[in-house]
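Please examine the sequence and the three-dimensional structure shown below. The paragraphs that follow lead through the fold and then through selected side chains.

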Amino acid sequence: MTPSTRSSGALERLVELTRRVATRLAASVAGPAGDRLRPTAGGGLLVVLASVAVSLAAAPALGDSVRIRWSIGTYYGPEYAPTPLALAAFPAIIAVIYVGFWAVRVGLERTGAFDATDDLVRSVYELCALVTLLTLVVVQVLFVAANLL
């Protein structure tokens, strides 16, 4: 067996393992209508996990405190916060908002709001949830980048 054959076998096993894990995850988060990875289901959890990953990756690169306010002239209050507190706040806020979107979706499903129309209402709701959650992660990345510059 040549080295390239061994490495391609390992790559094939990794690809197969990734496919199996993704299939199980998609099956476990499928909604009642068969939707997969909706922002108010498993997709939202992935966004929360992405926020956690950004915080964990940024923590070693940032110092003991991070700048939380950029002002010119008049002093309006604290401009720095402890790094762990600031980095933990983002995933916590995103998780709370995710749970809120999830609860509203469950409430709308129970009242039949999604059944009364075609899938337009559900699609618009899911799109708004996704845009909101992703915007918060983008703000988190910009916050980290601003403190690294």
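In which helix is the place of Leu17? Leu17 belongs to helix α1, which covers residues 3-28. The model under discussion is a predicted one. With a relative accessibility of 42%, Leu17 is classed as partly exposed, because a residue is called buried only under 20% and exposed only over 50%. Together with Leu11, Leu14 and Val15, Leu17 forms a nonpolar patch on the surface, and the accessible area of these residues together is about 380 Å².

The overall architecture may be considered next. The secondary structure consists of 4 helices and 2 strands, and their order along the sequence is α-α-β-β-α-α. The protein has 149 residues, of which 30% count as buried. Its exposed surface is about 9700 Å², and carbon and sulfur atoms supply 70% of that area. When contacts between residues at least 6 apart in sequence are considered, 62% of them join residues at least 24 apart.

Helix α2 spans residues 42-58. At 1.5 Å a residue, its 17 residues should extend over 24 Å, and the C-alpha atoms at its ends are indeed 24 Å apart, so the expected and modelled spans agree. Several residues of α2 are buried, including Gly42, Gly43, Gly44, Val47 and Val48. Further along α2, Ser51, Ser55 and Ala58 are buried as well. The cover over the buried residues of α2 includes α3 and α4.

Strand β1, residues 65-67, contains Val66. The relative accessibility of Val66 is 1%, and Val66 therefore counts as buried. Leaving aside residues up to four places away in sequence, Val66 touches Glu79, Tyr80, Ala81, Thr83, Ala86, Phe143 and Asn147. One of these partners, Ala86, is 20 residues from Val66 in sequence, while the C-alpha atoms of the two are 7.5 Å apart in space.

Aromatic side chains provide another view of the interior. A pair of aromatic rings is described by the distance of the centres and the angle of the planes. The model contains 2 aromatic pairs. In the pair of Phe90 and Phe143, the ring centres are 5.3 Å apart and the planes meet at 45°, so this pair is tilted. Phe90 is part of helix α3 (residues 83-111) and Phe143 is part of helix α4 (residues 120-148); the pair therefore ties together parts that are 53 residues apart in sequence. Phe90 and Phe143 are both buried. The other pair is that of Phe101 and Tyr125, whose ring centres are 6.0 Å apart with planes at 75°, so the arrangement is edge-to-face. This pair links distant parts of the chain, since Phe101 lies in helix α3 and Tyr125 in helix α4, 24 residues apart. Phe101 and Tyr125 are likewise buried.

Helix α3 also carries a charged pair. How many salt bridges does the structure hold? The structure holds 1 salt bridge. Arg105 forms a salt bridge with Glu109, and their closest N and O atoms are 3.2 Å apart. These residues are 4 apart in helix α3, so about one helical turn separates Arg105 from Glu109. An α-helix has 3.6 residues a turn, so residues three or four places apart point the same way. Is Arg105 buried or exposed? At 6% relative accessibility, Arg105 counts as buried, whereas Glu109 has a relative accessible area of 23% and is partly exposed.

Conventions:
Residues numbered from 1 in each chain as written. Predicted model: local features only at pLDDT ≥ 70, side-chain atom pairs only at ≥ 80, totals over all residues. Heavy atoms only, no water. Phe/Tyr/Trp six-rings, centres within 6.5 Å; stacked < 30°, edge-to-face > 60°. Buried < 20%, exposed > 50% of the residue type's maximum accessible area, 1.4 Å probe, protein only. Patch = residues over 30% accessible without salt bridge, like charges linked within 9 Å, V, L, I, M, F, W, Y side chains within 5 Å. Areas by Shrake-Rupley, 256 points an atom, 1.4 Å probe, with all protein chains shown as cover. Salt bridge = Lys/Arg side-chain N within 4 Å of Asp/Glu carboxyl O. Expected span 1.5 Å × (residues − 1). Contact = heavy atoms within 4.5 Å.
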